[in-house]
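User: I should like to understand the terms that are used to describe a structure. Could the reasoning behind them be set out step by step?

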Amino acid sequence: MKNQFYVTTSIPYVNGNPHMGHALEFLYADVIARYYRLKGYDVRLTTGTDEHGQKVQRAAEAAGVEPAAQAGVEAEHFKRLLEAYNCQYDDFVRTTEPRHEKSAHVFWQKMVDSGDIEKGVYEGLYCVGCEANKTEKDLIDGKCPIHEKTPEPISEENYFFRLSRYADKLLAFYNENPDFIYPAFRMKEMREIIASGLEDVSISRDKSRLSWGVSVPNDDNQVMYVWFEAVMNYVTSVGHGVDDAEFTKWWPADLHIIGKDINRFHTIMWPAMLMAAGLDLPQKVGVHGFITVDGKKMSKSLGNVIDPFALVAQYGVEPIRYFLLREMPFQDDGDFSYERLEARYQADLANGIGNLLSRVSNMIEKYSQGDLDPSPQELDYGKAAAMQYHDLIQKLEFSKALDVIWGLIDEANELIEQEKPWDLAKTDTDRLQVILAQLLYSLELVTEWLEPFMPETVHTMRSVLQRRPMVKAEPLFPRLEITK
RNA sequence: CGCGGGGUGGAGCAGUCAGGCAGCUCGGCUGGCUCAUAACCAGCAGGUCGCCGGUUCGAAUCCGGCCCCCGCAACCA
């Protein structure tokens, strides 16, 4: 079994500011990366920014700056988001970096060599308002539904990726690797799309229409289509085209974490591209859902956008990490509301883990002179809970893994109630020490399992639990004042 | 008939694949306790499991039909 783990996030497009969805995706990747680091694996977490394309070029023109400058500002913005959510990353790939252009050129050439890139004529419909190509399916009564204009037919010489050649190979790959896409129903969706037919895709643009991109090798008039080049960041990060030893060490990736909207690019186009280039395919793609707010999609027009920076500023990073990982099921959309957030904070953090630490640390200070070794004599969690925990994390079921941890907290509270240590202090001090040692053990297990999710909290808890003599802990999570 | 997800006590969900007394968390109510952040523990109330029909000794679960909500449909995490 190899003791390394390479995980990536998708790379945000820099035409917009960071939002909650980015924060959530970073968190998912951070938890799994921390989990494997704690297991002793050599872990690499790669994230970055997608900086080419029409929208960035236009935004820069509007702002009167160079596209590179525009992208640079946003790249820093996303790095601040990673810091704000305490996500540890090993590499941050900007698609405008020289190493990425080199990587993309090498990748392109491999596909040319395999005969999967050919020149062709792109004939399509172009909406001037959208500045984008449209398909018949996009139109209503032959008009762009956004601008209510009839798109202009255009004809442009582009390079095409022979995606149509890969339908059967992709399906065969799915059959051999039924766990390739998580959750499973996302694979079902992709099977449907493949079954309905894959067309060759245009993967370049004429520079007269778009110049802000990675140039096509040996053709001064074309740049690569943004999506085509952006996904290559996953190989760029590990030295593709630049450092063969590094690339051999890390590729293929163990896990790509992505949002459900870009599933097809990662589970159809990207695998096909890798096959065409003769490279191995990633082990798994985890497709997460979106965050809704009070049941509705977050959008500027609804005015319900939550600022991820303001949120951690108000509640602190650890409670927000907990809330998002506990309430947003990886597979589906999760709903955000301040009511749910405050309820979780109060019940699980203040009354749950925080209060348990207080009462146990206080009893050990009082009844054991603050000096005691942990021992699991009373409650045998056995291997079942541990197996459950590890299994759930590896399956990306973070919410359920946290459930398991909180099960330990509940059991500890129940044990206290059953044994009544304050009575034992008067009647049976031997029994009292056994119970306290058990409680200490339970808390240590909680810290061990919680570490990928709430590293700062665990750090604080350990400073209490490992101190000798132990003294009563300050509230980990002070109760929120209910003002509403 | 484009594809997919979903409709379960006040709220959020599990259970549906392998039919068998309808479960969890939050909230509400009652009681207990006092080590603890008025926290903790126990118990109670509350549900025609979207609708109609079928199979079955028995259906939230299987089959058929219908209604409603949400997402996707090549560049929106």
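Analyst: The following exchange takes several terms in turn and sets values against definitions; the model is a predicted one.

User: Why is T47 called buried?

Analyst: Buried means a relative accessible area under 20%. T47 has a value of 0%, so T47 is buried. This residue is found in strand β2.

User: What makes A245 exposed rather than buried?

Analyst: The term exposed requires a relative accessible area over 50%. A245 has 57%, and therefore counts as exposed. A245 lies in helix α9, which comprises residues 244-250.

User: Why does E25 count as buried?

Analyst: The relative accessibility of E25 is 7%. Buried means under 20%, so a value of 7% satisfies the definition. The residue belongs to helix α1.

User: How do you know that the side chains of T47 and T9 make a polar contact?

Analyst: A polar contact is a pair of N or O atoms within 3.5 Å, and within protein one must be able to donate a hydrogen and the other to accept it. The side chains of T47 and T9 make such a contact at 2.8 Å. T9 is also among the residues in contact with T47 beyond four places in sequence, a list that includes F26, L82 and F92.

User: With which side chain does the side chain of E25 make a polar contact?

Analyst: The partner is the side chain of S10, at 2.6 Å. The cut-off for a polar contact is 3.5 Å, so this distance falls within the limit. Neighbours within four places in sequence aside, E25 is in contact with T9, S10, I257, I258, G259 and H288.

User: What makes β3 and β7 edge strands?

Analyst: Each of them pairs on one side only. The open sheet has six strands in the order β3-β2-β1-β12-β13-β7, with parallel pairing. β3 covers residues 91-94 and β7 covers 181-182.

User: How do you know that β2 and β3 pair?

Analyst: Two strands pair if at least two bridges are found between them. Strands β2 (residues 42-49) and β3 have four bridges, in the parallel sense, so they meet this condition. As for individual residues, T49 has R94 in β3 as its bridge partner. Helix α3 (residues 67-84) packs on the sheet and touches β2 and β3, and its direction makes about 155 degrees with that of β3.

User: How many residues surround RNA strand B, and which are the closest?

Analyst: There are 46 surrounding residues, the closest being K55, Y225, N355, R359 and K472. Sugar and phosphate account for 65% of the atoms of RNA strand B that come within 4 Å of the protein. By kind, the residues of the surface near RNA strand B divide into 17 nonpolar, 11 polar and 18 charged. Helix α13 gives the most to this surface, with 11 residues.

User: Which part of RNA strand B does a polar side-chain atom of R205 lie 2.6 Å from?

Analyst: That atom of R205 lies 2.6 Å from a base nitrogen. The limit for a polar contact is 3.5 Å, so the pair qualifies. For E25, a polar side-chain atom lies 3.3 Å from a sugar or linking oxygen of RNA strand B. In the case of G259, a polar backbone atom is 3.3 Å from a sugar or linking oxygen of the RNA strand.

Note on methods:
Residues numbered from 1 in each chain as written. Chains lettered and ligands numbered in written order. Predicted model: local features only at pLDDT ≥ 70, side-chain atom pairs only at ≥ 80, totals over all residues. Heavy atoms only, no water. Helix = DSSP H or I, 4+ residues; strand = E, 2+ residues; numbered from the N terminus. Contact = heavy atoms within 4.5 Å. Axes fitted to C-alpha atoms, helices over the stretch in contact; angles between N-to-C directions. Near = heavy atom within 4 Å. Nonpolar A, V, L, I, M, F, W, Y, C, P; charged D, E, K, R; others polar. Buried < 20%, exposed > 50% of the residue type's maximum accessible area, 1.4 Å probe, protein only.
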